[in-house]
Amino acid sequence: TEEERGGSREGGGCGRREGEGQGGAGLDLPLVYDPSYRINLLVLPAPRAGPSVGLPPEERRAFRRALRHYASFKQRRALCRLAELASSRRALPVAAHRAQLLELTDRGACLVLAGETGCGKSTQVAQYLAEEWEARGEGGRVGCTQPRRVACVSLARRVTLECLRPSWVGYRVRFGASVPPGGARILFLTEGLLVRQLQSQVPGHGQGAGGFRAILLDEAHERRLHTDLLLGLLKGLQSSCPSFRLVLMSATLDVGLFTRYLGHCPVLRVPGRLFPIKVIYQPIPEQEQEASERLDPGPYLRVMQAIDQQYPAEERGDLLIFLSGVAEIGTVAESARTYATLTQRWIILPLHSALSVEEQDKVFDIAPPGVRKCIVATNIAETSVTIDGVRFVVDS
């Protein structure tokens, strides 16, 4: 019917509405603005040859209004989320040093970025370089190395969410990869994979560092075997590829040692963003300090009980427990699961390098209302991994 055709378009700003007439010099644009034009939504009428819907015009108009309100709600919520992401990026301490960072990487081949915990170096520096090169009309890929695969995956997902360009960001870890077609401008990869990529590179062909214009060595203070190998290989590649840039990033870096090794390169210091922490010491009773081959999970269960007693279930806040190894994690997680089954208030999630990527990703999920996560981890969760919602930390 004519009513169906005239009122079928919800949004787009290209169709006529009843009583609005025609304007825009024959462009069929409405004369009166309606907020629903901002909604990217189109409700198509039933085909003329098809069966009739059989709904009265009033019900069809009510359905369109309800659908328009729902689409508007979804769109506003998505826009609010994007605004929060943009605001959080601007609030990071490293954002105030963006111009200085880009200037130093333009002038010199090496840079040591001594950024304290929480400054945003792991997620923002690669984006700054890629965005600057695109604004200049230049190409180039940024590789950001991480010592652990869970950090590569989580950082790649976070940067994809922030930059709104899924075709820009990818990650490559052992036994897994997510690289967009045509390659990624920002690639997070483990140190071992970059070493293998450099080993397979043909010398003397000007390929740079594995096809990257810049390499960011994150958590360089750990000084693992692959870290030192990469430092030597990348330093040697700079003589054959002058446009290549190397950036070392860490919160606890021996600045003097690395700057001397890299020919007294410039240093950029970025302050961190810390939050007040209340430290509570819980000594273990003497009768429980007897030597045993198996770790006693009792002190950790008492922490969970104290949280349940002092904080209501509606008040969100997850628990992160640091342990020294996989065997200790299994012992504590087993007892914690028994306690969680009795209380129905906890979800127990182990986190260590021997788990699959799917199992590691569970720690980033949001717990249901009234339930807390208890993450039992090794030092894999200490650096470059941000787990939202953690309020309590047990360091044993």
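The buried residues of helix H6 pack against strands E2, E3 (169–173), E5 and E6 and against helix H7, and I would like to begin there, with a few words on how to read the picture. Helices (H or I, at least four residues) and strands (E, at least two) are DSSP runs, numbered from the N terminus. When I say buried, I mean under 20% relative accessible area, while exposed means over 50% and partly exposed lies in between (1.4 Å probe, protein chains only). In H6, which covers residues 191–199, the buried residues are Glu 191, Gly 192, Leu 193, Leu 194, Val 195 and Leu 198.

Please keep in mind that this is a predicted model, in which local features need pLDDT of at least 70 and side-chain atom pairs count only at pLDDT 80 or more, whereas totals for chains, interfaces and linings use all residues. Residues are numbered from 1 along each chain as its sequence is written, and side-chain values use heavy atoms, with hydrogens and water left out.

The pLDDT is the predictor's confidence in each residue, from 0 to 100. Its average over the protein chain is 81, and 82% of the residues score at least 70. Over residues 1–24, however, the pLDDT is below 50, although this stretch has 59 contacts in the model beyond near neighbours in sequence, where contact means heavy atoms within 4.5 Å. Where pLDDT is low, the predicted coordinates should not be read in detail.

Now to the chain as a whole. It has 11 helices and 12 strands, and of its 396 residues, 44% are buried. If we take the contacts between residues at least 6 apart in sequence, 73% of them join residues at least 24 apart.

Let me turn to the sheet that H6 packs on. Two strands pair if DSSP finds at least two bridges between them, and by that rule 8 strands form an open sheet with mixed pairing, in the order E4-E3-E5-E2-E6-E7-E1-E8. Strand E4 (176–178) and strand E8 (267–270) stand at the edges with a single partner strand each, so one side of each has no neighbour in the sheet. Neighbouring strands here are turned by 15° against each other on average, direction ignored; such angles run from 0 to 180 degrees between N-to-C directions, with axes fitted as lines to C-alpha atoms, for helices over the stretch in contact.

Which residues of strand E6 point one way, and which the other? Ala 214, Leu 216 and Asp 218 point one way, Ile 215 and Leu 217 point the other way, and all are buried, which agrees with the count of 5 buried residues out of 5 for this strand, residues 214–218. E6 pairs in the parallel sense with strand E2 (residues 142–146) over 4 bridges, and Thr 145 stands opposite Leu 217. E6 also pairs in the parallel sense with strand E7 (residues 245–250), over 5 bridges; there, Leu 217 has Leu 248 as its bridge partner, and Leu 216 stands opposite Val 247.

Between E6 and E7 we meet helix H7 (residues 225–237), and these three elements make a right-handed β-α-β unit. Right-handed here means that, with the strands pointing away from the viewer, the path from the first strand over the helix to the second runs clockwise. Helix H4 (residues 121–135) lies across strand E1 (110–115), E2, strand E5 (186–190), E6 and E7, and runs at about 170° to E6.

Further along the sheet, 4 of the 5 residues of E3 are buried. E3 pairs with E5 in the parallel sense over 4 bridges, with Tyr 171 opposite Phe 188, but with E4 in the antiparallel sense over 3 bridges, with Val 173 opposite Gly 176. The hairpin of E3 and E4 has 2 residues between the strands, and in it Phe 175 takes a positive phi near 65°.

One residue in a helix also deserves a moment: is Glu 162 buried or exposed? Glu 162, in helix H5 (residues 149–163), is buried, with a relative accessible area of 10%. Apart from neighbours within four places in sequence, Glu 162 is in contact with Leu 85, Arg 89, Thr 123, Gln 124 and Gln 127.

Finally, there is an open sheet of 4 strands with parallel pairing, in the order E10-E11-E9-E12. Its edges are strand E10 (346–351) and strand E12 (390–395), each with a single partner strand. Strand E9 (residues 318–322) pairs with E12 over 5 bridges, Leu 320 having Val 393 as its bridge partner. Helix H10 (residues 326–343) lies across E10 and strand E11 (372–377), running at about 165° to E10.
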